[in-house]
Amino acid sequence: TGQGGKVWVKRPYFNGYEVAGNWKCEYFDWAAEKPSSDQAGSVIEFVTHPNNPSGELRQPEFDGSMVIWDHAYLWPHYTPISET
């Protein structure tokens, strides 16, 4: 298991994130629960923008996290795009 940071995504999420976050790496581990804010600098955070199934246009939960943006459902017929 990793001794460094955590890989995390806010629920609900597609189960593929957990598969991606569980790669064999000595530096990062999958975090099933939200890491504490004092760990923000060592968090890789998947941000679903918009989220499926809610359509919520999410933003990162941590200041200073490493963000991977998922725009898979960023389509005007799925979610009104009101921001860039």
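1. Let me start with Thr48 and Arg58: in this predicted model, their side chains are joined by a polar contact of 3.4 Å. Thr48 also has a side-chain polar contact with Asn51, at 3.1 Å. You will find Thr48 in strand β3, and at 6% relative accessibility Thr48 counts as buried, because the cut-off for that class is under 20%.

2. The surroundings of Thr48 are worth a look too. Leaving out residues up to four places away in sequence, Thr48 touches Val9, Tyr17, Glu56, Arg58 and Asp70. Two of these partners, Glu56 and Arg58, form a salt bridge with each other, with the closest N and O atoms 3.3 Å apart. Arg58 is buried, with a relative accessible area of 6%, whereas Glu56 is partly exposed at 37%.

3. Now for the nonpolar interior. In soluble globular proteins, nonpolar side chains tend to be buried together. Here the largest nonpolar core has 7 residues: Val7, Val9, Tyr17, Phe28, Trp30, Ile44 and Phe46. Strands β1 (5-9), β2 (28-30) and β3 (43-48) are the elements that each give two or more residues to this core.

4. Phe46 is a handy residue to click on in that core. Setting aside neighbours within four places in sequence, Phe46 is in contact with Val7, Trp8, Val9, Tyr17, Ala20 and Ile68. Another core, of 5 residues, lies apart from the largest one and includes Trp8, Ala40, Val43 and Phe62.

5. On to the charges: the whole structure has 5 salt bridges. One of them pairs Asp29 with Lys6, at 3.9 Å from N to O. This pair links distant parts of the chain, with Asp29 in strand β2 and Lys6 in strand β1, 23 residues apart. Asp29 counts as buried at 16% relative accessibility, while Lys6 is partly exposed at 25%.

6. Which residues are linked with Lys10 in a network of salt bridges? They are Lys34 and Glu61. Within this network, the side chains of Glu61 and Lys10 meet at 3.6 Å, N to O. Their positions are 51 residues apart, Glu61 in the loop between β3 and β4 and Lys10 in the loop between β1 and α1 (16-21). Both partners are partly exposed: Glu61 has a relative accessible area of 34%, and Lys10 one of 29%.

7. Finally, a surface feature. Tyr73, Trp75 and Tyr78 form a nonpolar patch, with about 320 Å² of accessible area together. Trp75 sits in the segment after β4 (66-70).

Technical notes
Residues numbered from 1 in each chain as written. Predicted model: local features only at pLDDT ≥ 70, side-chain atom pairs only at ≥ 80, totals over all residues. Heavy atoms only, no water. Core = buried A, V, L, I, M, F, W, Y, C linked by side-chain atoms within 4.5 Å. Buried < 20%, exposed > 50% of the residue type's maximum accessible area, 1.4 Å probe, protein only. Helix = DSSP H or I, 4+ residues; strand = E, 2+ residues; numbered from the N terminus. Contact = heavy atoms within 4.5 Å. Polar contact = N/O pair within 3.5 Å; in protein donor to acceptor, adjacent residues only side chain to side chain. Patch = residues over 30% accessible without salt bridge, like charges linked within 9 Å, V, L, I, M, F, W, Y side chains within 5 Å. Areas by Shrake-Rupley, 256 points an atom, 1.4 Å probe, with all protein chains shown as cover. Salt bridge = Lys/Arg side-chain N within 4 Å of Asp/Glu carboxyl O.
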